[in-house]
Amino acid sequence: MTGGVVAKRYALALFQIAKEKESIDQFAEELRVVKQVFTENSDLLQVLAHPKVSLENKKAMLKEAFASLTTEVLNTLLLLVENKRINIVNELQDRYVQLANEEQGTEDAKVYSVRPLKDEELKALSEVFAKKIGKQSLRLENIIDQSLIGGIKLRIGNRIYDGSVSGKLERIERELVAKSS
């Protein structure tokens, strides 16, 4: 079984528990933290996957590092270590967030701008673009990118809406090159 299929199964099981406990958002946030910890500390993943480190030590490390997590999320991590599948933890988080987004009619998106956007601006962008893609809302992450010159660029999944000055200049340049050929 591939890692993607396994991650999807674990994510689905955890999602069902979250639904029953009405904790979908809490589990999603906890899994984001777990993914961030593993991303920032790649050595941790190597230690947890290393065959010479005892299972008891691995579990103790997880319990200590993630003591603040809900029992269900922590038990999922312990189960992953026990079944020698801790390497799928990042994909598990991605799959869980997909399930949570589908359930809640929302989508994650990144908005690139020259300056930090105000909450009202982010809310307005969320409302406008959520309607365009048939969702109830967007969960926006604001990323500062000085190369845009001005305007914004929005990435929702594999779709990009580019209203930046640099994007407009690039389109004008392409048109001019195409006409001069």
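# A first look at this structure

Glutamate 30 is buried, yet it forms no salt bridge: arginine 32, the nearest side chain of opposite charge, is 11 Å away. Keep in mind that this is a predicted model. Beyond that glutamate, the notes below walk you through an open sheet of 4 strands and helix α7, which lies across β1, β2, β3 and β4.

**Around glutamate 30**
- This residue belongs to helix α2, which covers residues 24-40.
- Leaving aside residues up to four places away in sequence, glutamate 30 touches Ser68, Leu69, Thr70 and Val73.

**The sheet**
- The strands are ordered β2-β1-β3-β4, and their pairing is mixed.
- β2 and β4 (159-162) each have a single partner strand, so one side of each lacks a neighbour in the sheet.
- From one strand to the next, the twist averages 20°.
- Strands β1 (residues 106-113) and β2 (residues 137-144) run parallel and are joined by 8 bridges; here aspartate 108 stands opposite arginine 139 in β2.
- β1 and β3 (residues 152-156) run antiparallel, with 5 bridges between them; lysine 110 has arginine 155 in β3 as its bridge partner.

**Helix α7 and its surroundings**
- Together, β1, helix α7 (residues 119-133) and β2 make a right-handed β-α-β unit.
- The helix α7 runs at about 125° to β2.
- Valine 128 sits in helix α7, and it counts as partly exposed because its relative accessibility is 45%.
- Between valine 128 and leucine 138 there are 9.4 Å in space, C-alpha to C-alpha, while the two are 10 residues apart in sequence.

Technical notes: Residues are numbered from 1 along each chain as its sequence is written. This is a predicted model: local features need pLDDT of at least 70, side-chain atom pairs count only at pLDDT 80 or more; totals for chains, interfaces and linings use all residues. Side-chain values use heavy atoms; hydrogens and water are left out. Helices (H or I, at least four residues) and strands (E, at least two) are DSSP runs, numbered from the N terminus. Buried means under 20% relative accessible area, exposed over 50%, partly exposed in between (1.4 Å probe, protein chains only). Lys and Arg count as positive and Asp and Glu as negative; His and the chain ends are not counted. A salt bridge is a side-chain nitrogen of Lys or Arg within 4 Å of a carboxyl oxygen of Asp or Glu. Contact means heavy atoms within 4.5 Å. Two strands pair if DSSP finds at least two bridges between them. A crossover is right-handed if, with the strands pointing away from the viewer, the path from the first strand over the helix to the second runs clockwise. Axes are lines fitted to C-alpha atoms, for helices over the stretch in contact, and angles run from 0 to 180 degrees between N-to-C directions.
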